[in-house]
Amino acid sequence: MKSIVVCVEFDDLLAITLPRNARHFERVLVVTSPADEATQHVVSAVPNGEVYATDAFYRQGAAFNKGLALEQGFDVLGREGWLLVWDADIVMPDRMELADVEIGNLYSPHRRMCRNPGEYHGQTDWTRWPIQGDREHAGYFQLFHAADPLLGDRPWYGIDWKHAGGCDSDFQARWPAHKRRRLPFEVLHLGVEHVNWHGRCQPRLDGSLPPDAQARRKAQRRMYRERRRHGFRQEKIGSEASPR
């Protein structure tokens, strides 16, 4: 099984998650920006880790076009066999029960939320942290087979979002609800949810903030206001409103 993860300015968390998670995979492709040398350094220390650097995140004025970057990553990694898309702030368990997965389904586990990543020190018992009530099979962990006929035409992920918060919803919508299955284990999410869609704005492990954190938070708040007025239209590339 191969996997792909997007990581831009999350090198501090990737340094925790990648060495632990990589043992589950034949190859792990980390898609980042050319300027993110810290992420590239983290990947270089993992034997089966590979880097693909692209400016796709920011093309056509996007704040963070995760979908386009992922699609480029798939072309590098190869669109064959079982593939897992995961987020850089996700810790996988020591064992992942995958013996019963079948082509034709999209798989995702529930996640527990360690909203203060400083509390995590390699624990294997995660019961102290609450389970997130996810209704979607969201992009923190999406497992599928490249030969699944429900994938349909390419691109698989939405490539017209200005931010990172829509492409995975487009992707999961390819499967009807009864084909979206929960896996019999949990993963651990390090950090808060639904805040980094326009680029990282949550504090790093050392307490520092990314230089553009304030502007990114402002863009996300503006996005929600515009969504209430106009739906999702303003969040697509080519619309008049810009999240920046």
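Colleague: Why does His194 count as partly exposed?

Modeller: Keep in mind that this is a predicted model. His194 has 44% relative accessibility, and partly exposed covers what lies between the 20% and 50% cut-offs, so His194 gets that label.

Colleague: Where does His194 sit, and what is phi there?

Modeller: His194 is in the loop between E8 and H5. Its phi is near 60°, a positive value in a residue other than glycine. His194 also turns up in the lining of the largest pocket, among the residues that lie nearest its centre, along with Asp87, Gly165, Asp168 and Trp197.

Colleague: What makes up the lining of that largest pocket?

Modeller: By class, 15 nonpolar, 10 polar and 13 charged residues. The lining has 38 residues, and the pocket volume is about 830 Å³. Helix H4 (167-172) and helix H5 (213-230) are the elements that give two or more residues to the lining of this pocket.

Colleague: Why is Gln60 called exposed?

Modeller: Exposed means over 50%. Gln60 comes in at 71% relative accessibility, so Gln60 counts as exposed. Gln60 lies in the loop between strand E3 (49-53) and helix H3 (66-77), and has a positive phi of about 55° although it is not a glycine.

Colleague: And His137, why does that one count as buried?

Modeller: The cut-off for buried is under 20%. His137 has 5% relative accessibility, so His137 counts as buried. His137 is in a loop too, the one between strand E6 (106-114) and strand E7 (141-145).

Colleague: Which residues does His137 touch?

Modeller: Not counting residues up to four places away in sequence, His137 touches Leu106, Tyr107, Ser108, Gln142, Gln172, Arg180, Arg181 and Arg182.

Colleague: How do you know that E5 and E8 pair?

Modeller: Pairing takes at least two bridges. Strand E5 (residues 90-91) and strand E8 (residues 180-190) have two bridges, in the antiparallel sense, so they qualify as a pair. Within it, Val91 stands opposite Leu188 in E8.

Colleague: What makes E6 and E8 a pair, and in which sense do they run?

Modeller: Eight bridges join E6 to E8, against the required at least two, so these two strands count as paired. They run parallel, and Met113 stands opposite His189 in E8.

Colleague: What makes the peptide bond between Arg154 and Pro155 stand out?

Modeller: The bond joining Arg154 and Pro155 is cis, with omega about 0°. Pro155 belongs to the loop between E7 and H4.

Colleague: Which residues have the most contacts inside the largest nonpolar core?

Modeller: Leu14, Leu18, Trp86 and Phe141, in a core of 36 residues. The elements giving two or more residues to this core are helix H1 (11-21), strand E2 (27-32), helix H2 (37-44), strand E4 (82-87), E5, E6, E7 and E8. E8 gives the most, with five residues.

Colleague: What is Leu18 in contact with?

Modeller: Leaving aside neighbours within four places in sequence, Leu18 is in contact with Val28, Val30, Val42, Val43, Val46 and Trp86.

Colleague: How many residues does the second core have, and which are included?

Modeller: The second core is separate and has 26 residues, including Ile4, Leu68, Leu83 and Phe144.

Methods. Residues are numbered from 1 along each chain as its sequence is written. This is a predicted model: local features need pLDDT of at least 70, side-chain atom pairs count only at pLDDT 80 or more; totals for chains, interfaces and linings use all residues. Side-chain values use heavy atoms; hydrogens and water are left out. Helices (H or I, at least four residues) and strands (E, at least two) are DSSP runs, numbered from the N terminus. Buried means under 20% relative accessible area, exposed over 50%, partly exposed in between (1.4 Å probe, protein chains only). Contact means heavy atoms within 4.5 Å. On a 1 Å grid over the protein atoms alone, a cavity is a set of points where a 1.4 Å probe fits but cannot get out, and a pocket is an open set with protein on both sides within 12 Å along at least five of seven lines; lining residues have an atom within 4 Å of a point. Grid points are joined across faces, edges and corners, and a volume is the space filled by probe spheres set on the points. Ala, Val, Leu, Ile, Met, Phe, Trp, Tyr, Cys and Pro count as nonpolar, Asp, Glu, Lys and Arg as charged, and the others, Gly among them, as polar. A nonpolar core is a set of buried Ala, Val, Leu, Ile, Met, Phe, Trp, Tyr and Cys residues joined through side-chain atoms within 4.5 Å.
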